[in-house]
Structure formats: structure tokens, C-alpha cells
Amino acid sequence: MSESATSEAAIRLEPQWRAALATEFAAPYMADLKRFLLDRKTQGARIFPPGSHWFRALDLTPPDKVRVVILGQDPYHGPGQAHGLCFSVRPGVPVPPSLVNIYKELQRDLGLAPPRHGFLEHWARQGVLLLNAVLTVEMGDAGSHQGKGWERFTDAVIARVNALEHPVVFLLWGGHAQKKAAGVDSVDRGGRHLVLKAPHPSPLSAHRGFLGCGHFSQANAFLQERGLAPIDWKLPESVDGA
């Protein structure tokens, strides 16, 4: 990865997001983040996902299309897993445990049989912003790029979504996601967005209330009540290896 490649990432970004986040890309903290990433790459670190997929969640889900936000924390740190969408893995990669539980809740809530893959681009293309708090990680080292600037950038993304004129559903699973989106203007505080909270779908916590939360049907009911199309949560069995 070259310095020019990190600089061009903003240029390649989906146009609406590029305009909405222009002040972030021009801020000193982003220059520091770019230097950090370049230094780590120069030192031989394997960084996931590849640079072309750092902003994949934004590229697939422009602001005017956002209907649902799901927040994750870090990209997966195993080879071939991360591709820029939280909880999602590339085709051919085993479905991670947290996503297995998400599929279990989808089946319980909506009667949807789990697919044999963990590739969630079908959701993203419909308006589900699958955003991690930190957009890069080093192989085998979870949390290795926390505190380097990504959190400030993704806070800005959430703020831009919160400012949208149309209502959005925020699915906040686990304490980290709930803290990160604590400032969202939710309907229970007189705002326009629906905020649904549950424990994280990790096997360590899913049984404490994620399984049985009913968030997928609640999200669609809210969208339909406001004249917006519901999300087709059923994932196709056949996927391309994008």
C-alpha cells in the first residue's frame, strides 16, 4: 500500500459520502491515521481488509439509501475474512459464531432458513449500513488499530446518518455499539429514528437477550409504518465472490 493509495481512498469513495465527510478527510487526525497505516504496512504488517475495501460499507450504502444501521467493532482478523462490512465474511469463508446467532434470530423472528455463507452484501445494497467502529486490523491481532483515528471517523458517519431527514433504524447489539450511538435522535426521545438495543450476538452473550429480540421484524414494521420499503433479510444462496 502506498501513501498515494491511502490518499486516493477518499477520492474513490461513493460521491455522497465523499461530500458529507470531506471535512473529516481534510482533518489532521486522518493524515495521522494514513501515516500510521503506511508505517505498519512498511514494517510488514498484514492489514485487513485490503485498502480497496476499507470504505466498502459506505460505497454500497449511500446516505440517501440508508434505512438500517448495524454497528460492529473491528474487522475480522483472519486471512480472507474481512471485506469492509461488519459481521460479514467473503463467500467460501466459514460463517463466524456471532453471525450464526444472527441467522438463528432471523429464523426465529422471520422464519428464514440460514444460508450456507456469511456474505451480507445483499443487505448493504438495500440500505443496511454495516459499519464497523474501526475499519482496519492486523492479522491475528484483534483491536490492533483501535485508538488510531478510525473511531472519530465512524462517529462522524453516525452523526451524518443521524442528521438525515428520513427515519432510520439503528440495531445496537452489545455495549460498545450502544455507547457509540448514544447520541442518536431516537423516537423515544422525540426524534425520528428507531433505536433497538440487545446484547451482542456473540456466543458469550447471545442467550442473554439477543436471541428472541425480534429486531428484524420490528425494523421492517417501523419502516413500513413510515412509508419506506422493508428490508429483504433473506440472503440469496448463490453469491459472487466480490
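Which residue does the UniProt annotation "active site" cover? In the predicted model examined here, the residue is Asp74, as recorded in an unreviewed UniProt entry. Asp74 lies in the loop that connects β2 (68–72) with α6 (97–110). When neighbours within four places in sequence are set aside, the contacts of Asp74 are Asn132, Val134, Ala142, Gly143 and Gln146. With one of these residues, Gly143, a polar atom of the Asp74 side chain is 2.8 Å from the backbone nitrogen.

The strand that precedes the loop of Asp74, β2, is paired with β3. The two strands run parallel and are joined by five bridges. Within this pairing, Val68 is placed opposite Val128 of β3. Strand β3 comprises residues 128–132, and because five of its five residues are buried, the strand is largely enclosed by the rest of the structure. Its side chains are divided between two directions: Val128, Leu130 and Asn132 point one way, while Leu129 and Leu131 point the other way, and all are buried. Asn132, buried in β3, is also among the residues in contact with Asp74.

A second aspartate, Asp141, is located in the loop between β4 (137–138) and α8. The relative accessible area of Asp141 is 38%, so the residue is classed as partly exposed, a category that extends from 20% to 50%. Asp141 and His77 are separated by 64 residues in sequence, yet their C-alpha atoms are 6.5 Å apart in space.

Helix α8 follows, spanning residues 150–162. At 1.5 Å a residue, its 13 residues should span 18 Å, and the C-alpha atoms at its ends are 18 Å apart, so the expected and computed spans agree. The buried residues of the helix are Trp150, Phe153, Thr154, Ala156, Val157, Ile158, Val161 and Asn162.

Finally, the cysteines were considered. Zero disulfides are found in a search of the whole structure. Cys86 takes part in no disulfide, its nearest cysteine sulfur being that of Cys213, 14 Å away. Likewise, Cys213 is in no disulfide, and the nearest cysteine sulfur to it belongs to Cys86, at 14 Å. A disulfide would require the two sulfur atoms to be within 2.5 Å. Cys86 has a relative accessibility of 0% and therefore counts as buried. Cys213 is likewise buried, because its relative accessible area is 13%, and the limit for burial is under 20%.

Methods. Residues are numbered from 1 along each chain as its sequence is written. This is a predicted model: local features need pLDDT of at least 70, side-chain atom pairs count only at pLDDT 80 or more; totals for chains, interfaces and linings use all residues. Side-chain values use heavy atoms; hydrogens and water are left out. UniProt positions are given in the numbering used here, feature names are shortened, and annotations may be inferred rather than shown by experiment. Helices (H or I, at least four residues) and strands (E, at least two) are DSSP runs, numbered from the N terminus. Contact means heavy atoms within 4.5 Å. A polar contact is a pair of N or O atoms within 3.5 Å; within protein, one must be able to donate a hydrogen and the other to accept it, and residues adjacent in sequence count only if both atoms are side-chain atoms. Buried means under 20% relative accessible area, exposed over 50%, partly exposed in between (1.4 Å probe, protein chains only). Two strands pair if DSSP finds at least two bridges between them. The expected span of a helix is 1.5 Å times one less than its number of residues.
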